[in-house]
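Work through these three short exercises with the structure open. Each gives a task, then a solution in steps.

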Amino acid sequence: MPTATQTKQAYLSELFEDTAGRVTSSLANWTGFLTTVGKLYKYPFHEQLMIYAQRPDATACAEYGLWNDKMNRYVRRGTKGIALIDTTSENPQIKYVFDVSDTGGRENSRRPFLWEMREHHEQPILEMLADKFGVSGDNLSDGFYNIANTLAKEYYDNHKEEMPYFAEDSFLEDYDEDNLRVAFENAATVSIAYPLMKRCGLDTENYFEHEDFFPIFDFNTSAAVSLLGTAVSEQSEQVFRQISLTIMKPEC
């Protein structure tokens, strides 16, 4: 008979597979997930997906010890944690994180820093994109789209040998190498650009059209979604970290 931990792990694995299987089934599902990516960009893809599945409204998550010891905040009694599978050790373990909305403050408690882009940050961020990534744009939305396209191509070039394996049993399966490249780069570009724009408060509704997201619907298996999601998570994180540093930089 399986232990309670094994039963929970099996449930979480099933939740991951189910969520991965439906997250690219509609534009609303995918952009909802991408919004989570933008808010929780420091988490890896598999944890972002699990947070999206359980608490899509989460904005800042941490384990109990960090809230209690470092932030001097308490987790409210009766709060249900967000269950994640920690794969950093040989034997995967279940860990729980809590959103800031699940916590309360004590005397001298701290709140997590959630940066917010303002109008005066636009030019410094454009300069950062040119300096750190060698891309430019007439405005920040174009700048983010251009860096997304560059990073999508870079990711494909670094992982092209793995692509056919992840494409198995998906709508991508019969694509030749050239069409697989195009499908991946188009899907990754729009999926990296969207959370960058969304997190920075830019107008995604008028910038993107529904047709821009058509390529993501071909990523319709757990493996294909994991490929695309990992690319989006890893590539956007490096840009988000530079945006954060730019926004926090003291003004002279």
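**Exercise 1. Find which helix gives the most residues to the lining of the largest pocket.**

Solution. This is a predicted model.
- Step 1: List the elements that give two or more residues to the lining. They are strand 1 (61-63), helix 4 (64-70), strand 4 (93-99) and helix 10 (222-248).
- Step 2: Pick the top contributor. Helix 10 gives the most, with four residues.
- Step 3: Look at the pocket itself. It holds about 600 Å³ of space. Of its 25 lining residues, K42, A60, C61, P112 and F113 are the closest to the centre.
- Step 4: Sort the lining by character. It has 16 nonpolar, two polar and seven charged residues.

**Exercise 2. Describe the largest nonpolar core and the contacts of F144.**

Solution.
- Step 1: Size the core. It has 70 residues.
- Step 2: Find the members that touch the most others. They are F33, L129, F144, I147, F184, L228 and I243.
- Step 3: Ask where the largest share comes from. Helix 8 (residues 177-199) supplies 11 residues.
- Step 4: Trace F144. Leaving out residues up to four places away in sequence, F144 touches I125, L129, A193, L196, M197, C200, L202 and I243.
- Step 5: Look beyond this core. Another core of seven residues lies apart from it, with A62, W67, V75 and F98 among them.

**Exercise 3. Is N72 buried, partly exposed or exposed, and what about D169?**

Solution.
- Step 1: Place N72. It sits in the loop between helix 4 and strand 2 (73-75). Its phi is positive, about 55°, although N72 is not a glycine.
- Step 2: Classify N72. Its relative accessibility is 25%, so N72 counts as partly exposed.
- Step 3: Place D169. It lies in the loop between helix 7 (163-167) and helix 8. Its phi is also positive, near 70°.
- Step 4: Classify D169. Its relative accessibility is 63%, so D169 counts as exposed.

Conventions: Residues are numbered from 1 along each chain as its sequence is written. This is a predicted model: local features need pLDDT of at least 70, side-chain atom pairs count only at pLDDT 80 or more; totals for chains, interfaces and linings use all residues. Side-chain values use heavy atoms; hydrogens and water are left out. On a 1 Å grid over the protein atoms alone, a cavity is a set of points where a 1.4 Å probe fits but cannot get out, and a pocket is an open set with protein on both sides within 12 Å along at least five of seven lines; lining residues have an atom within 4 Å of a point. Grid points are joined across faces, edges and corners, and a volume is the space filled by probe spheres set on the points. Ala, Val, Leu, Ile, Met, Phe, Trp, Tyr, Cys and Pro count as nonpolar, Asp, Glu, Lys and Arg as charged, and the others, Gly among them, as polar. A nonpolar core is a set of buried Ala, Val, Leu, Ile, Met, Phe, Trp, Tyr and Cys residues joined through side-chain atoms within 4.5 Å. Buried means under 20% relative accessible area, exposed over 50%, partly exposed in between (1.4 Å probe, protein chains only). Contact means heavy atoms within 4.5 Å.
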